[in-house]
Amino acid sequence: MPSTDDLFPNGLRDVPYGEVLLVSESDGTYTAEVWNTLGLNDCPREAWDALDATAIAAERGALVARLNGPRRWTLDTIVTEPKGERRLSRFGELDMFLAATVDLGASLPAPGVAYEERRVARDTVFRFAAGATIHQLTAPNGERYVMQAYSHAVDATQGLDTLAALADRLALPPGWAFTTRTIEQRLDLLSTDGVATVVQDELQNTYQRIDAVSVAAMGGGD
């Protein structure tokens, strides 16, 4: 399967990107197309700030458009399963491709809802190299979620060197924990039957759940 190593030989860690979510409703269920700048541009802040979500929704015939960014990756490589030609589009001055579809459920969530699972339809492997530092949320039921990207939408001062301090910054729900650690083996986060489960914290940093299939793929440990 192709990976982002071809476009980013030094890895994706700290590479910037932005996303536009186009939300639609059908038969009482809300979904969102996720359009992403990765590999097409560096999501310059001036071009990003010029985007108008209301105008985008009207132009695209969407129920609502949401701007998710600017963001930076905390992983090293994305491995994808080819599915024909990529769909490309232009938002303002930013070229983007259709990266995924998000299942929002039976009600339209308020922007910035934290610690609530969302399902994302995508066939990708999010890879963290051996020796990488990872940042992890653990839910009261023991489910673990690894940060895939941090956001500048709420706090533009966030950087790779500040993420460990989130243990003292986040207003975690009862029973939740945030930890930072270095992994000895490569960690692959997989989608399950083409669906990944993600959550965001209140700073809009995004984490993907480690499903059983991910642990099995690593030989039973990480």
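**Salt bridges in the predicted model**

Arg45 is partly exposed, with a relative accessible area of 40%. Its partner in a salt bridge is Asp49, and the closest N and O atoms are 2.9 Å apart. Asp49 is likewise partly exposed, at 48%. Both residues belong to helix α1 (residues 45-49). They are four residues apart, about one turn of the helix. The structure is a predicted model. In total, twelve salt bridges are counted in it.

A second pair joins Asp188 and Arg127, with an N to O distance of 2.9 Å. Asp188 lies in strand β12 (residues 187-190) and Arg127 in strand β8 (residues 124-128), so the salt bridge ties together parts that are 61 residues apart in sequence. The two partners fall into separate accessibility classes. Asp188 has a relative accessibility of 9%, and it counts as buried because the cut-off is under 20%. Arg127, at 22%, is partly exposed.

Arg87 and Glu33 form a further salt bridge, in which the closest N and O atoms are 3.8 Å apart. This pair also links distant parts of the chain. Arg87 sits in the loop between β4 (77-80) and β5 (88-91), while Glu33 is part of strand β2 (residues 29-36). The separation is 54 residues. Arg87 is partly exposed, with a relative accessible area of 46%. Glu33 is partly exposed as well, at 27% relative accessibility.

Salt bridges also link Glu117, Arg209 and Asp211 in a network.

Key
Residues numbered from 1 in each chain as written. Predicted model: local features only at pLDDT ≥ 70, side-chain atom pairs only at ≥ 80, totals over all residues. Heavy atoms only, no water. Salt bridge = Lys/Arg side-chain N within 4 Å of Asp/Glu carboxyl O. Helix = DSSP H or I, 4+ residues; strand = E, 2+ residues; numbered from the N terminus. Buried < 20%, exposed > 50% of the residue type's maximum accessible area, 1.4 Å probe, protein only.
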